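Colleague: I would like to learn how to read a structure with several chains. Could you take me through it one feature at a time?

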Amino acid sequence: MKERDSGAEMHSWATDLFPICRSLTGQGVRETLDYLSGLMSGMKIVNVPSGTKVLDWTVPQEWLIRDAYVADSDGRRLIDFQKSNLHVVGYSEPVDMMVTREELDAHLHSLPDQPSAIPYVTSYYRRTWGFCLADEERINLGSGPFHVVVDSELFDGNLTYGEVVIPGESEDEVLLSTYVCHPSMANNELSGPVVAAALVRWLTSLDRRRYTYRVVFIPETIGSIAYLANHLDHLRARTVAGWVLTCIGDERAYSYLPSRHGQTLADRVSLKALDERGHEYRRYSYLERGSDERQWCSPGADLPVASLMRSKYGEFPEYHTSLDDLTLVTASGLEGGLGMMIDVLTLLEANKTWRAVHVGEPQLGPRGLYPNTSIKGSGMAVRDMVNVLAYADGTLDVIGLSEACEAPTSEIVKHATKLAEAGLLVATD
Amino acid sequence: MKERDSGAEMHSWATDLFPICRSLTGQGVRETLDYLSGLMSGMKIVNVPSGTKVLDWTVPQEWLIRDAYVADSDGRRLIDFQKSNLHVVGYSEPVDMMVTREELDAHLHSLPDQPSAIPYVTSYYRRTWGFCLADEERINLGSGPFHVVVDSELFDGNLTYGEVVIPGESEDEVLLSTYVCHPSMANNELSGPVVAAALVRWLTSLDRRRYTYRVVFIPETIGSIAYLANHLDHLRARTVAGWVLTCIGDERAYSYLPSRHGQTLADRVSLKALDERGHEYRRYSYLERGSDERQWCSPGADLPVASLMRSKYGEFPEYHTSLDDLTLVTASGLEGGLGMMIDVLTLLEANKTWRAVHVGEPQLGPRGLYPNTSIKGSGMAVRDMVNVLAYADGTLDVIGLSEACEAPTSEIVKHATKLAEAGLLVATD
Amino acid sequence: MKERDSGAEMHSWATDLFPICRSLTGQGVRETLDYLSGLMSGMKIVNVPSGTKVLDWTVPQEWLIRDAYVADSDGRRLIDFQKSNLHVVGYSEPVDMMVTREELDAHLHSLPDQPSAIPYVTSYYRRTWGFCLADEERINLGSGPFHVVVDSELFDGNLTYGEVVIPGESEDEVLLSTYVCHPSMANNELSGPVVAAALVRWLTSLDRRRYTYRVVFIPETIGSIAYLANHLDHLRARTVAGWVLTCIGDERAYSYLPSRHGQTLADRVSLKALDERGHEYRRYSYLERGSDERQWCSPGADLPVASLMRSKYGEFPEYHTSLDDLTLVTASGLEGGLGMMIDVLTLLEANKTWRAVHVGEPQLGPRGLYPNTSIKGSGMAVRDMVNVLAYADGTLDVIGLSEACEAPTSEIVKHATKLAEAGLLVATD
């Protein structure tokens, strides 16, 4: 097994990807996927044509943005897409005209409470155009007139996503989902794909994998809907657990958001692994959901998918603004996010259900598993091991055994492995 | 839909019914049912002959009481049935004789702790006679001799009850049960039938009813036993929920008493509606039962019947005495009782189980159900609606959705109705 | 029914049995079983030959110990098996040689923290020899040389156990298990067999027994394994509840240790009976197990067996030393242990599941079960009885009815018996 990628490594990938102008569709998504596919082997790039019906939705037109600005009467650019791709409202239709200040204001977005932040705004499903800017710049725009230009195109093209399937011993699958549709933002965008890429590299390097892993890099919402539309029966039949990877690169918090009813294997493994890591973490309700779990966990899909994050979307002040940048997301933050996911997947892989082979306690002494001389206290040294044997009745997985035996899952796994090698336990799954 | 009856209206009915001398059987019950049937359409009056075997019981003889008194040697009436029908023990056999004070005392009932109250006493199943009086009058009766007269008859007649069935869209039924067997008492008698009558009028006025309603006006215990004997299979097959209406007209409290195990739809709906009304209410145990739920919820009947009351029988000092009168039961008290029942039945009617039609979130924008421009916070306005969609997996009724979505049932119903109209939800029941 | 045996009686049996040198196998076990079989009728003595495969184990050779000592160069015995059979390590192989102090020390066991106590040590499955002594004597042994003699034999013989089956009305069985394999110790040995013997005598004296009782007197661990090996299908099919009787004769505590998941009938009856006895008791976890429940409750055996003790093994300082003697175990302590077991088995016998015969409340008055005149409060006297009727729906046993009716099990049994005699209740099991 190779070492996991460092936080610095992941941060450098995010730095490379940061300037790209991503949206639901288009060149930015494809450039991002090209970069990511260079980090791993086996990524399949899939195009879904505009107009394709996917569940209740239709794949939208592709958006191409070349330039956009608001200039004063002297041609001086007051708001300039070339400086930040957040300045233009996502999916803005082309425009080239002179407007008054009042007309312009109807198309401007800024945040009076965060005067230095450019907000992130989109209008995917209603045709319009608009600009976003820091409120402190907006008040200095002057009275106009203004020349507004959006050099964009909306045309029938494709929605593009990437998919990697890493085979394991079982056809049962683990779904990892992250998104590639936000422009220059770091926690609520790039942290997800770069941690997912590092996870793919770590998973691929493992000597053995119990489960098959399906990792998807998709535009949020329409991407998961399109993916569900094409893989519903497969996903429902095979997925034993899944996670949405988002906002997983800052240093502030660790966060867990459950699946719809919060009772799936993904939930149990997440909570147990987080409890055992020893870091504080915040536990959200499914009512606070907001990413692709909305589709994976929807009625009829019912996939066992939880979300693991550092600071959750909507809960940190920089969220959906230009302040969500690569000073918020750090090497250390990414390393913590990757570490959490590796701990979770390590537990998932080890979380077998064990059953004792023999009725009655087996003879441990001759197998070198028990002290031969009985004196007060001599049994304590092997207490966890005999407890695993005592509770291995085929109804408890490692997490259940950990609770029954009041011992960490790592202890349970260590003893169960030793006992299985001695022919005393078998896994029933 | 017509307005519900006012408390004053219900109080006027109770005033009309108060003087009638009701008992398990006989003329008083029939007069009461005649009056009530004038308030609604479709009441069926049913007679069950004395001697009929009903479950473990036998319908008793009919009791006719014309007059009863205790007079002194001058013929002056010291205790007089004409002044209060509580003065004679219910089902007293005829008597006409001279007795000593000592002989009389063996047949007198009074309450030393409530010296001004005439107690209510019956002896349905053991033949005797007796008089009830205020303890403060008892001590002044003198030394006798006394002339005791009970001008009554016990003869083979009928047990009489009334029944109204109000059809709904479903053959599934709601059972409402109240009793008409106590003489001049107000909370523990007339509040039940008058609120039940107003409920029948309200239910009849509804544009549509999901359920069929079966409302029975019966003598307590023997009436519900006779009714069960004749309708057991029907009630067991059809009843989805039911309530006993008793002691529902004073102003002091709101009270809930569960079904046998407290887990039926009637219990869930009662508790949720009471919690949402915002009034304090008392929650009793089934161990504190005391009315016809003893039969409806008995093993073998197992009907899903709870009791909703204002001050529960046995819990207010005027209970089963002449002090339980029309100053204790008020227009406002009755209005509160009716309001509680209407809230409960309104929730029951709306308490459908919803299932999303589409896998994945449906597209709300084009249906006018979602803001088209996405900016921080824009989703909050429709949060309850999307939560209903997110949890509508066919396992949760409105009460369950209310708990999952942490929103009032009225919000859930509003959104579910809107979503169903848009073709996005279907009811599975 | 005869009186139960007194604590003094049980203590005298323990006094008789104390000097015998018991071990897993051999003459001491047989002498002990002979004595116990004299206290009861029907004990069957069973021999399992050395070398017999039992589950994962093999029955060991029989150990015969005639004498053992450590003497100084003058032939003076410094450690002498004749003074206490704890002085020799159980299953010591024969030896007769001169050793240095250093060589001797490698074979000595003492407890520096309990300098006056001889520890109890065995080495059943690894051939060695050894001596145990008080630490305060060890320091005075001198420098040697020493003559060590163990006059023992290890040879193919038998493992011996005793078994009594007391038939009842049902073929369903209760398993009582106690062990006879420790030398001169009182709480952690003799308290179990003597209380078990008194229980057999009490059970045999009962006019009727609902259940069949299977009482086994076995060497710990290998004995229960051998017993399981020969009776697995029978025990699994028939056993409704069982108890391990151990450490049940001192005066300090009452203790309960659950079955593997703690949800069996044995657990429910134990807890209810202990709660109702009013004595404080300690509630252990299955993680603190240590006797034959390790076999009875093992995966694949899954017998519903709990442990009831006074001071639990491992929890009192005299445990597994010469201090665990007949001053620690007292007549009063044994009487408390027997009383606990009789209370538990009395509840188990009475713990039927009841179902009302009639739909609706039956008529109690004519059966002499209810007051005929109704006046405020007259129903309270029969409240527990009508509650039993109200909840007797065939889903609740006496323990369940006790919880539903908020009344002691003795009240439930009293009323249920009366109601059954009146033809109003039937037992469904």
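Modeller: We will go through the chain, the symmetry, the interfaces and some salt bridges.
Modeller: This is a predicted model, in which local features need pLDDT of at least 70, side-chain atom pairs count only at pLDDT 80 or more, and totals for chains, interfaces and linings use all residues. Residues are numbered from 1 along each chain as its sequence is written, chains are lettered from A and ligands numbered from 1 in the order in which they are written, and side-chain values use heavy atoms, with hydrogens and water left out.

Colleague: How many helices and strands does the secondary structure of chain A come to?

Modeller: Helices (H or I, at least four residues) and strands (E, at least two) are DSSP runs, numbered from the N terminus. Chain A has 12 helices and 19 strands. Its C-alpha atoms fill a box of roughly 95 × 40 × 35 Å along the principal axes.

Colleague: What percentage of the residues of chain A count as buried?

Modeller: Buried means under 20% relative accessible area, exposed means over 50%, and partly exposed is in between (1.4 Å probe, protein chains only). Of the 429 residues of chain A, 61% count as buried.

Colleague: What do contacts say about the sequence distance between residues in chain A?

Modeller: A contact means heavy atoms within 4.5 Å. In chain A, among contacts between residues at least 6 apart in sequence, 81% join residues at least 24 apart.

Colleague: What turn lays chain A on chain B?

Modeller: Copies are superposed by least squares on the C-alpha atoms of residues with pLDDT of at least 70 in both. Here a turn of 120° with a shift of 0.1 Å along the axis lays chain A on chain B, with an RMSD of 0.0 Å. That is the relation of a three-fold axis. Of the residues of chain A, Q263(A) comes closest to the rotation axis, its C-alpha being at 13 Å.

Colleague: Now the interfaces. How many residues of chain A are in contact with chain B, and how much area is buried?

Modeller: Buried area is the accessible area (1.4 Å probe) that two parts lose on being put together, summed over both. Between chain A and chain B it is about 2,400 Å², with 50% from carbon and sulfur atoms. The contact involves 31 residues of chain A and 26 residues of chain B. D56(A), L287(A) and P299(A) supply 29% of the area that chain A buries against chain B, more than any other three residues.

Colleague: What about polar links across the interface of chain A and chain B?

Modeller: A polar contact is a pair of N or O atoms within 3.5 Å; within protein, one must be able to donate a hydrogen and the other to accept it, and residues adjacent in sequence count only if both atoms are side-chain atoms. There are 14 residue pairs in polar contact across this interface, both residues being at pLDDT 80 or more. On the side of chain A that touches chain B, α6(A) gives the most, with 3 residues.

Colleague: Which element gives the most to the side of chain A that touches chain C?

Modeller: There α10(A) gives the most, with 6 residues. The contact takes 26 residues from chain A and 31 residues from chain C.

Colleague: How many salt bridges are there over all chains?

Modeller: A salt bridge is a side-chain nitrogen of Lys or Arg within 4 Å of a carboxyl oxygen of Asp or Glu. By this rule there are 78 over all chains. Across the interface of chain A and chain B there are 3, including one between R294(A) and E361(B) at 2.9 Å, N to O.

Colleague: Where do D393(C) and R260(B) lie?

Modeller: Their side chains meet in a salt bridge at 2.7 Å, N to O. D393(C) is in strand β18 (residues 393-397) of chain C, while R260(B) is in the loop between β14 (255-257) and α7 (265-277) of chain B. D393(C) counts as buried at 14% relative accessibility, and R260(B) counts as buried at 11%.

Colleague: Which parts of chain A does the pair R66(A) and D151(A) link?

Modeller: R66(A) and D151(A) form a salt bridge at 3.2 Å, N to O. The pair links distant parts of the chain, with R66(A) in strand β4 and D151(A) in strand β9, 85 residues apart. R66(A) is partly exposed, at 40% relative accessible area, and D151(A) is partly exposed too, at 30%.
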